[in-house]
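Walk me through this model, please. Start with the core, then go to one strand residue, and finish with the cysteines.

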Amino acid sequence: MNYLDELPGRYHLERMVDDYGNEKTTTMIGTCFIKDLGDGQLAYREDVKIEGDRMAFREFTYKLDGSKLHVEFADNHRDGEYVCLDFSDNPVAMADHHCGDDIYAHEMAFLSAKNWSTRVSVRGPEKHMVIRTTYYRAKDDEQLDDAQAT
């Protein structure tokens, strides 16, 4: 089964950021919408609440290429590819992204056709953290925040 074909849709997400350098854990909950743009391109947008009060969002462009998922920045202050994940052998893929002296080791795992997760280990001279996110597909009739409709 090619799980990449099942990505478009609406999701609930839960994120835990373990910042070992600052000895702090931050939790985020929110929603994610992945829209099929055609021609193997998907628009990813998430909106999250940080620690229950502050709001944040991020956007990526996903490009599908067979069993590969190219994740590109779409936030207007970074350009280019973040990572390319190859799912040809199994439902788990890993790739690194270098940003200055920091390395983001990104892992994406499909738990089922409706649920998936990411784990990003960030290492650098002043960074040492692990970011874990789990995505749960929303039911078709479930209403999410209006921010997801864009």
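What follows covers the core, an arginine and the cysteines.

This is a predicted model, so local features need pLDDT of at least 70, side-chain atom pairs count only at pLDDT 80 or more, and totals for chains, interfaces and linings use all residues. Residues are numbered from 1 along each chain as its sequence is written, and side-chain values use heavy atoms, with hydrogens and water left out.

Begin inside. The largest nonpolar core (buried Ala, Val, Leu, Ile, Met, Phe, Trp, Tyr and Cys residues joined through side-chain atoms within 4.5 Å) holds 32 residues. Buried means under 20% relative accessible area, exposed over 50%, partly exposed in between, with a 1.4 Å probe and protein chains only. Strand β3 (residues 41–50) supplies the largest share of this core, 4 residues. Strands are DSSP runs of E, at least two residues, numbered from the N terminus.

Leu 7 is among the residues with the most contacts inside the core. Contact means heavy atoms within 4.5 Å. Not counting residues up to four places away in sequence, Leu 7 touches residues including Ile 34, Tyr 62, Leu 69, Trp 116 and Arg 137.

Now the arginine. Arg 10 sits in strand β1 (residues 9–19). Its side chain reaches the backbone oxygen of Lys 139 at 2.7 Å.

Last, the cysteines. A disulfide is a pair of cysteine sulfur atoms within 2.5 Å. The count is 0. Why is Cys 32 not bonded? Its sulfur is 19 Å from the closest cysteine sulfur, in Cys 84, which is too far. Cys 32 is buried, at 0% relative accessible area. The sulfur of Cys 84 lies 18 Å from its closest cysteine sulfur, in Cys 99, again too far for a bond. Cys 84 is partly exposed, at 26% relative accessibility.

Methods
Polar contact = N/O pair within 3.5 Å; in protein donor to acceptor, adjacent residues only side chain to side chain.
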